[in-house]
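Here are my notes for anyone opening this entry for the first time. Have a look at the model, then read on.

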Amino acid sequence: MRTDALLLQPLTEADYGWLCALYADPVVMQYIGTGVRTYEVASGVLDKMMAALPPAGYWTLRDRATGEPLGGGMLMVRREGSPLEVGFLLAKAAWGRGLATQATKALVGHAFEVFQVPLVEAFTDSRNDASAAVLLKSGFHDLGLTAGPYGGTDRKFAVTRQQWLGEIKAALEKK
Ligand SMILES: CC(C)(COP(=O)(O)OP(=O)(O)OC[C@H]1O[C@@H](n2cnc3c(N)ncnc32)[C@H](O)[C@@H]1OP(=O)(O)O)[C@@H](O)C(=O)NCCC(=O)NCCS
């Protein structure tokens, strides 16, 4: 997959080194799960993501012009039967350029258009305003505070396929 500025490529083991460095960065991990992860924990999660069945998956995010690795984006199913969930993280140097929004739109479009899933959800730490902004700009709706996937209280976001298709149609009609 590609966006204006990004290449989204399926995760490979060659990516573990730089990605695990992101998962060990306290700035990047401030609002994710229980915070920084050791190489063992982070690579274990990546192993699971690499083995996940579509539509779930993990994509590396690279600068489309230079190939520089910038972050990761994922579609995951936490428990059998749970809705598909989107997640994303970027190196600090890549923040503030609209890249997470591009990646989120590409991943969610993939889930709806290729796999026809009915719903995509996302959970953010309630203090993570940048992540909330990414989700709202990507067509998600704020469903308020709820029990999050890591045991605490998180803000839940969701978008249905119908809402997504409606927004695409409205955008095309505006052109
Ligand atoms: C969250 C994250 C992915 C955002 O990436 P990004 O590429 O900078 O996001 P975008 O540029 O697409 O959009 C960010 C939006 O949040 C806004 N924003 C940034 N920091 C903000 C803050 N502290 N408070 C409110 N809004 C903020 C930006 O202004 C932008 O909105 P705008 O385009 O309307 O101006 C990035 O900060 C990150 O990787 N953080 C660490 C990992 C993480 O928290 N991941 C999400 C887990 S749910």
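1. A quick term to begin with: two residues count as in contact if their C-beta atoms, placed from the backbone, lie within 7 Å. This is a predicted model. Among the contacts in the protein chain with a separation of 6 or more, 58% join residues 24 or more positions apart.

2. On to the overall fold. The protein chain has five helices and seven strands. Starting at the N terminus, they come in the order β-α-α-β-β-β-α-β-α-β-β-α.

3. What about overall dimensions? Taken along the principal axes, the C-alpha atoms of the protein chain fill a box of roughly 45 × 40 × 30 Å. The radius of gyration is 15 Å, which agrees with the value near 16 Å for a compact globule of 175 residues. Of those 175 residues, 28% are buried.

4. Now the inside. The largest nonpolar core has 34 residues, and the members that touch the most others are Leu61, Leu90, Leu99, Ala103, Leu107, Val108 and Ala111. Helix H3 (residues 99-113) gives the most to this core, namely seven residues. Take Leu99: beyond its neighbours within four places in sequence, Leu99 is in contact with Ala5, Leu6, Leu61, Leu70, Leu90 and Ala94. In soluble globular proteins, nonpolar side chains tend to be buried together.

5. Which residues are closest to the ligand? They are Ala100, Thr101, Asp129, Ala130 and Ala133, out of 21 that surround the ligand. Strand S4 (84-90), H3 and helix H4 (129-137) each supply at least two residues of this shell, with H4 giving the largest share, five residues. Sorted by class, the shell has 12 nonpolar, seven polar and two charged residues.

Notes: Residues numbered from 1 in each chain as written. Predicted model: local features only at pLDDT ≥ 70, side-chain atom pairs only at ≥ 80, totals over all residues. Core = buried A, V, L, I, M, F, W, Y, C linked by C-beta atoms within 7 Å. Buried ≥ 20, exposed ≤ 12 C-beta atoms within 10 Å, placed from the backbone. Helix = DSSP H or I, 4+ residues; strand = E, 2+ residues; numbered from the N terminus. Near = placed C-beta within 6 Å. Nonpolar A, V, L, I, M, F, W, Y, C, P; charged D, E, K, R; others polar. Rg over C-alpha atoms; globule rule 2.2 N^0.38 Å.
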